[in-house]
Amino acid sequence: MATTELSCQVSEEDRERREAFWAEWKDLTLSTRPEEGCSLHEEDSQRHETYHRQGQCQALVQRSPWLVMRIGILGRGLQEYLLPYQRVLPLPIFTPTKMGAAKEEREDTPIQLRELLALETALGGQCMERQDVAEITKQLPPVVPVSKPGAPRRSLSRSMSQEAQRG
């Protein structure tokens, strides 16, 4: 049985909003199968010859991200089916690798996560409007210690700390 597959990839990127979308799916599968009820078998016992022929057909399966699937035999029309909606996460749920496992035993990083990491590496983890901490603190008002209004300012002397301990 021979099978041919056609995949589709779609990607969009909005740099202003820092958004990206990427999708890939198997769009078309064409496979050659034996055709049921279409075979020929002959035997000639005098000549010790046999002849067998099996009819073949091309089965076609077409999928789309809009949950529509078309199935049929090539040249005979396709039957369309609406698939039920399934809630799925865009990325597989992260499961940490075994800490003691060798590198060969670990699972590969999902392709979507690899692309996200590659994007972050390309950006260098830098923000375009980045400011140093010193520049930000210059813009802030000076820090004033909090005190009760009208209370005289006193430093904590030994006698005050003793009063605080007594209650």
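**A short tour of a five-stranded sheet**

Hi everyone, let's begin with one residue: Ser11 sits in strand E1, which covers residues 3-14. Before I go on, please keep in mind that this is a predicted model.

So, is Ser11 buried or exposed? Its relative accessibility is 56%, and the cut-off for exposed is over 50%, so Ser11 counts as exposed.

Now, who does Ser11 meet? If we skip the neighbours within four places in sequence, Ser11 is in contact with Phe21 and Trp22. Take Phe21: this residue is 10 residues away from Ser11 along the chain, yet the two C-alpha atoms are separated by 5.5 Å. As for Trp22, that residue belongs to E2, and Ser11 stands opposite Trp22 there.

That brings us to the strands themselves. Strand E2 spans residues 19-44, and 12 bridges join E2 to E1, with the two running antiparallel. Let's zoom out to the whole sheet. What is the order of its strands? Reading across, we get E1-E2-E3-E4-E5, an open sheet of five strands with antiparallel pairing. At the edges we find E1 and strand E5 (78-82), each pairing on one side only. On average, neighbouring strands of this sheet are turned by 20 degrees against each other, if we ignore direction.

Back to single residues. Have a look at Asp27, which also has its place in strand E2. Asp27 is buried, and yet this residue has no salt bridge. Where is the nearest side chain of opposite charge? That one is Arg70, 7.1 Å away from Asp27. For a salt bridge, the charged atoms would have to be within 4 Å. Asp27 does have company, though: beyond the neighbours within four places in sequence, its contacts are Leu6, Ser7, Cys8, Val61, Gln62 and Arg63.

Cys8 in that list leads me to my last topic, the cysteines. Here is a reminder: a disulfide is a covalent bond between the sulfur atoms of two cysteines. How many disulfides does the structure hold? The count is zero. Cys57, for one, is in no disulfide, and the nearest cysteine sulfur belongs to Cys38, at 9.1 Å.

How do Cys8 and Cys57 sit in the fold? Cys8 has a relative accessible area of 23%, so Cys8 is partly exposed. Cys57 has 9% relative accessibility, and therefore counts as buried.

That's my tour, from Ser11 in strand E1 to the buried Cys57. Thanks for listening!

Terms used
Residues numbered from 1 in each chain as written. Predicted model: local features only at pLDDT ≥ 70, side-chain atom pairs only at ≥ 80, totals over all residues. Heavy atoms only, no water. Helix = DSSP H or I, 4+ residues; strand = E, 2+ residues; numbered from the N terminus. Buried < 20%, exposed > 50% of the residue type's maximum accessible area, 1.4 Å probe, protein only. Contact = heavy atoms within 4.5 Å. Pairing = 2+ DSSP bridges. Axes fitted to C-alpha atoms, helices over the stretch in contact; angles between N-to-C directions. Lys, Arg positive; Asp, Glu negative; His and termini not counted. Disulfide = S-S within 2.5 Å.
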